[in-house]
Amino acid sequence: MSATPHPENPLTTHTTSPGEPLDLAGIGIGPFNLSLAALAHPLTTLRTAFYDQRPAFHWHPGLLIDGATLQVPFLADLVTLADPASPWTFLNYLKTRERLFPFYFAERFHLHRAEYDAYCRWVSENLPSLHFGHQIDAVRWNPEHEVFEVDFTQLDAEGEAEALGRTHARNLVLGIGTTPHIPVPLRPLAEAPAVPVIHSADYLDHRDTLLAAGHVTVIGAGQSGAEIFLDQLRARPAGRERLHWLARTPAFAPMEYSKLGLEHFTPDYTRYFHALPERVRDDLVPGQWQLHKGIDHATLGAIHDELYRRTLDGGWPDATLTPGVFVRTAGRVGTTKVELHLDHTQQGTRSRLTTDAVILATGYRERRMDTLLAAIDPYLRRDSGARPRIDADHRLVLDPAVTGSVYVQNAETHTHGVGTPDLGLAAWRSATILNSLTDNTPYPLPSRTAFTSFGLPQPSTGRTGMVPRQGSTLVPRR
């Protein structure tokens with residue numbers, strides 16, 4: 001089955017009335033809400049619309065480094081693990097591009113990042129429920145009509161305000177994504193333009209400038225830091241690399257990629273984690289960093305191979321790799337250099353490093369929802385850390401006076417664990433949301449997904465709804 005392309009969505013104001021609200025309005029169109037939109041597409045009785053202020057879909061454009069791959073298999077596309085017969089699978093994308101046979105012979109299990117981005121853009125350009133160029137300004141609950149009011153500004157091609165609009169929806173889903181994290185000591189430097197101090201999210205935009213810099217320091221031992229270090233290393237002349245790679249972690253550690261280790265990214269583990277006490281969940285997440293913040297074995301191997309190749313004629317490459325270090329403070333030296341004040345956690349020693357450019361591969365943080373949800377904050381239920389409580393179906397726990405639901409995507413690590421940002425759980429979470437939105441189960445989900453039993457057997461909870469009623473019709477929950 002091939003998807004029938006729709007013309008690219010024109011930038012038109014999309015409004016609804018309280019009397020005819022949407023069943024679901026999505027805020028943000030990253031991979032997770034794109035997955036939800038794709039799985040909602042065939043559910044014709046469900047009225048949905050998704051909004052994003054960007055003019056079009058792009059996935060981490062600053063990190064689409066030549067040859068960089070995803071760390072999940074191609075089956076972790078937007079829909080396959082919930083509906084492999086969907087027209088929006090990656091394999092169907094290849095079919096529409098007449099690339100199925102080349103992909104078959106390439107024997108690639110992990111996609112290039114650029115190819116995943118192209119696949120997502122193909123989906124985004126063909127789903128009629130997506131509305132780009134729409135900046136969400138405010139969200140309110142209207143108790144009289146029992147709907148959410150969503151105010152937005154329509155933007156023109158240059159990002160300037162063009163028109164105001166309002167839509168109404170019985171339910172919302174927030175997929176507003178994450179934001180680059182810049183450590184506090186480096187924020188003043190990143191905000192000043194004289195010396196390049198950039199986050200890895202913007203790497204490709206500054207790559208030429210960084211290659212021209214005399215000495216470059218990469219901070220961060222995750223996959224992005226490794227890929228950037230390798231890219232810089234390969235592009236610099238042997239013996240004159242002038243690279244430093246610093247990491248807070250005690251080692252440049254490989255990602256936990258054993259088969260049973262990967263079962264932490266199954267629905268089974270997500271349900272187990274959600275049922276744990278809050279304090280136990282909070283203790284678990286930091287210790288699981290190697291499950292999702294390590295470096296894949298191929299990248300580590302490529303870095304070592306490149307370093308070794310540069311020793312063949314004698315001598316060592318001018319590249320220093322130091323884990324177990326954090327930046328205590330930082331400042332400028334003159335107008336062209338940065339001085340980093342370093343602490344070594346195990347030695348208890350301090351040092352200084354002067355460099356011409358800094359690349360911060362320091363990860364991302366969940367984007368705060370406080371401003372967007374300010375008007376419904378009185379209805380929110382929070383945990384002991386003042387974080388939103390989120391139920392097993394990825395809904396914010398709200399005051400019972402609010403009859404609608406607010407779902408979240410990639411904002412629930414504290415309640416659902418390390419699998420929250422993982423692309424492999426995107427389709428399952430989207431299907432879970434759609435199942436909870438309706439009186440039926442449009443996407444039956446497996447009751448078991450892992451060989452590991454993460455906890456001791458518990459009495460049956462009587463959970464139902466995993467199997468759809470025969471002969472039933474999809475009806476949105478009101």
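Which residues in helix 7 meet helix 11? In this predicted model, the helix 7 side of the contact is made up of Gln223, Ala226, Glu227, Phe229, Leu230, Leu233 and Arg234. Facing them in helix 11 are Thr299, Ala302, Ile303, Glu306 and Leu307. Helix 7 covers residues 223–235 and helix 11 covers residues 297–309, and the two pack at an angle of about 25 degrees with their axes 10 Å apart. Angles under 35 degrees count as roughly parallel, so helix 7 is roughly parallel to helix 11. As for handedness, helix 7 goes past helix 11 in a left-handed crossing.

A second helix pair, helix 1 (residues 31–40) with helix 13 (residues 426–437), packs at an angle of about 55 degrees, and here the axes are 9 Å apart. An angle under 35 degrees would be roughly parallel and one of 65 to 115 roughly perpendicular, so helix 1 and helix 13 come out as oblique to each other. Their crossing is right-handed. On the helix 1 side, the residues taking part are Phe32, Ser35, Leu36, Leu39 and Ala40. Helix 13 meets them with Ala426, Ala427, Arg429, Ser430, Ala431, Ile433 and Leu434.

Helix 13 also leads on to one of the sheets, since this helix lies across strand 1 (24–27), strand 9 and strand 20. Its direction is at about 170 degrees to strand 20. The sheet in question is open, with five strands in the order 5-2-1-9-20 and parallel pairing. At its edges are strand 5 (130–132) and strand 20 (406–408), each of which pairs on one side only. From one strand to its neighbour the turn is 20 degrees on average, with direction ignored. At the strand 20 edge, three bridges hold the pairing with strand 9 (residues 172–174), again in the parallel sense. Within that pair, Leu174 sits opposite Val408 of strand 20.

Another open sheet has five strands too, this time in the order 11-18-12-13-14, and its pairing is parallel. Strand 11 and strand 14 (319–322) form the edges, each pairing on one side only. The twist from one strand to the next averages 15 degrees.

Strand 18 (residues 357–360) is a good place to look into this sheet, as both of its faces are covered. Ala357 and Ile359 are buried on one side, while Val358 and Leu360 are buried on the other. Strand 11 (residues 197–199) is joined to strand 18 by three bridges, with the two strands running parallel. There, Val197 has Val358 as its bridge partner, and Ile198 stands opposite Ile359. Strand 12 (residues 216–219) is joined to strand 18 by four bridges, and this pair also runs parallel. Ile219 finds its bridge partner in Leu360. Helix 6 (residues 203–212) lies across strand 11, strand 12 and strand 18. The helix runs at about 150 degrees to strand 11.

Further along the sheet, strand 13 (residues 243–246) is where His244 is found. Is His244 buried or exposed? Its relative accessibility is 18%, and because anything under 20% is classed as buried, His244 counts as buried. Beyond its neighbours within four places in sequence, His244 is in contact with His215, Val216, Thr217 and Val218. Thr320 and Leu353 are also among the contacts of His244.

Away from the strands, Asp268 makes a small case study in helix 8 (residues 267–275). With 14% relative accessibility, Asp268 falls under the 20% cut-off and therefore counts as buried. What do the polar contacts of its side chain look like? One, of 2.8 Å, joins the side chain of Asp268 to that of Arg271. Another, of 3.0 Å, joins the side chains of Asp268 and Thr449. When residues up to four places away in sequence are left out, Asp268 touches Ser447, Arg448, Thr449, Ala450 and Phe454. Thr449 thus appears both as a polar partner of Asp268 and in its list of contacts.

Note on methods. Residues numbered from 1 in each chain as written. Predicted model: local features only at pLDDT ≥ 70, side-chain atom pairs only at ≥ 80, totals over all residues. Heavy atoms only, no water. Buried < 20%, exposed > 50% of the residue type's maximum accessible area, 1.4 Å probe, protein only. Polar contact = N/O pair within 3.5 Å; in protein donor to acceptor, adjacent residues only side chain to side chain. Contact = heavy atoms within 4.5 Å. Pairing = 2+ DSSP bridges. Axes fitted to C-alpha atoms, helices over the stretch in contact; angles between N-to-C directions. Parallel < 35°, antiparallel > 145°, perpendicular 65-115°, else oblique. Left-handed = near helix turned anticlockwise from the far one by under 90°.
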